[in-house]
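Reader: I've got a model open and I'd like to talk through its ring pairs and helix packing. Can you show it here?

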Amino acid sequence: MPQPPQPRKLLAIPGPIELSPSVLAALSLPPLSHVSPEFVKIFQESLHMTRQVARTKTATPFILAGSGTLGWDQVGANLVERGDGALVLHTGYFGSGFAECLETYGATVTSLHAPLGHTVRLSEVESALRKANAAGKPFKLVTITHVDTSTGVLSDARAIAECVGRVSKGTLVVLDAVCSLASEDVQMDAWGLDVVFSASQKGLGAPPGLSILLASQRAMRVWEGRVKRGVKSGSFYSSWEKWAPIMRAYDEGRPAYFGTPAVTLVRAYHASLLEITRSTTSLTHRLHLHTLASQRIKSAAERLGLTQVAREPLGRANGMTALYIPAEVGTAADVLKRVGGRGVVMAGGLVAEIKDRYIRIGHMGWSVVGDGGDGGRDVDLIVRVLEEAVGEAREAVSGRVAARL
């Protein structure tokens, strides 16, 4: 006997996120041939619109089947040679992962760790750059995690890129925008970013499974220079020697083949990009709606006595919120269980030393811009459920304390 369908819960985690009706409709369509005129047009437009979202006119976009982590791998495989120096800025769990990836490809990594919940100070970045320059070993690249999904810390990518350009002009600036593209302001050309990479399942509003990367003309020249010197990519699948000709062909409206694209995911991504770039809600207004939704959820948390993991007011993400659960409320698991019982899924912690003490809430994409934007039903539900779950958990702890007295 078939089981009755389970009620669907609202995804309020920092990716994957809720999908719009048009993206869901695109997912329901039969697959296309990857060399058909229809798919070539979809892929070409997706490449063009990806540039628009990152606010670049000249970067080379790569849309590959894979997770956001594949962005790390592409940077390591194509831009790092053994012994190259890399300055990695850590604002949480994902800085450590990026550093490990670059070391795998032979980079000599220098890490700047911000105190938990804080951003790396600009003066530290400048000091590290000047020290490397004085030693005659300027960094090949600097990496920034724009929003670290583990902490909700937002780094000032614009200021860091300006600092790098002023102090160490030959150093590439790499932005991990997995949890920021289309929910935070990213201006690739204006800020002088050399690589911006993201993933389909967060602010970009599509299902998981696509690695999105854009490489500036300068980054491509660095890669082309190593190819001319006979330095092979450290990876087969991530190699731009394989993928750059494919992307350029589709960008010009021609099919090409190295590996079969994830045609259904690309079609869904295309549907979301149309909403981001060509709907009545402009990208600028979309980002404003994320700011408003973020303020609503963070204000509600503050009223409940919850403290944000991200400590600096200007260093807090607009697409997610990380919140400590105080002892008088119980544990993160206590709150998450009560949230889940009310039809909403929030996320637990990732940072090892505080893993059981905080929760993470995602508020990006369709949950923010759909059904009326900042007044939408999803944001209303997230706020209400958080208030009810925290209140109930606090009463349970109070009851246990009273019973022991």
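Reader: How many aromatic pairs does a search of the whole structure find?

Author: Some ground rules: this is a predicted model, where local features need pLDDT of at least 70, side-chain atom pairs count only at pLDDT 80 or more, and totals for chains, interfaces and linings use all residues. Residues are numbered from 1 along each chain as its sequence is written, and side-chain values use heavy atoms, with hydrogens and water left out. Rings of Phe, Tyr and Trp (its six-membered ring) pair if their centres lie within 6.5 Å; planes under 30 degrees apart are stacked, over 60 edge-to-face and the rest tilted. Searching the whole structure on that basis gives twelve aromatic pairs.

Reader: What kind of pair do phenylalanine 39 and phenylalanine 43 form?

Author: Both sit in helix 2 (residues 37-54), four residues apart, about one turn of the helix; helices (H or I, at least four residues) and strands (E, at least two) are DSSP runs, numbered from the N terminus. Their ring centres are 5.6 Å apart, with 65 degrees between the planes. That pair is edge-to-face.

Reader: Is phenylalanine 39 buried or exposed?

Author: Buried means under 20% relative accessible area, exposed over 50%, and partly exposed in between (1.4 Å probe, protein chains only). Phenylalanine 39 has 0% relative accessibility, so it counts as buried.

Reader: And how are the rings of phenylalanine 62 and tryptophan 240 arranged?

Author: Phenylalanine 62 belongs to strand 2 (residues 60-65) and tryptophan 240 to helix 9 (residues 240-251), so this pair links distant parts of the chain, 178 residues apart. Their centres are 5.0 Å apart and their planes lie at 15 degrees, so the pair is stacked.

Reader: On to packing: how is helix 2 oriented to helix 10?

Author: Axes are lines fitted to C-alpha atoms, for helices over the stretch in contact, and angles run from 0 to 180 degrees between N-to-C directions. The axes of helix 2 and helix 10 (residues 263-278) come within 9 Å and cross at roughly 45 degrees. Angles under 35 degrees are roughly parallel, over 145 roughly antiparallel, 65 to 115 roughly perpendicular and the rest oblique, so helix 2 is oblique to helix 10.

Reader: Why is helix 3 largely enclosed by the rest of the structure?

Author: Helix 3 covers residues 69-79. Its buried residues include Leu70, Trp72 and Val75. It is largely enclosed because the buried count, out of eleven residues, is nine.
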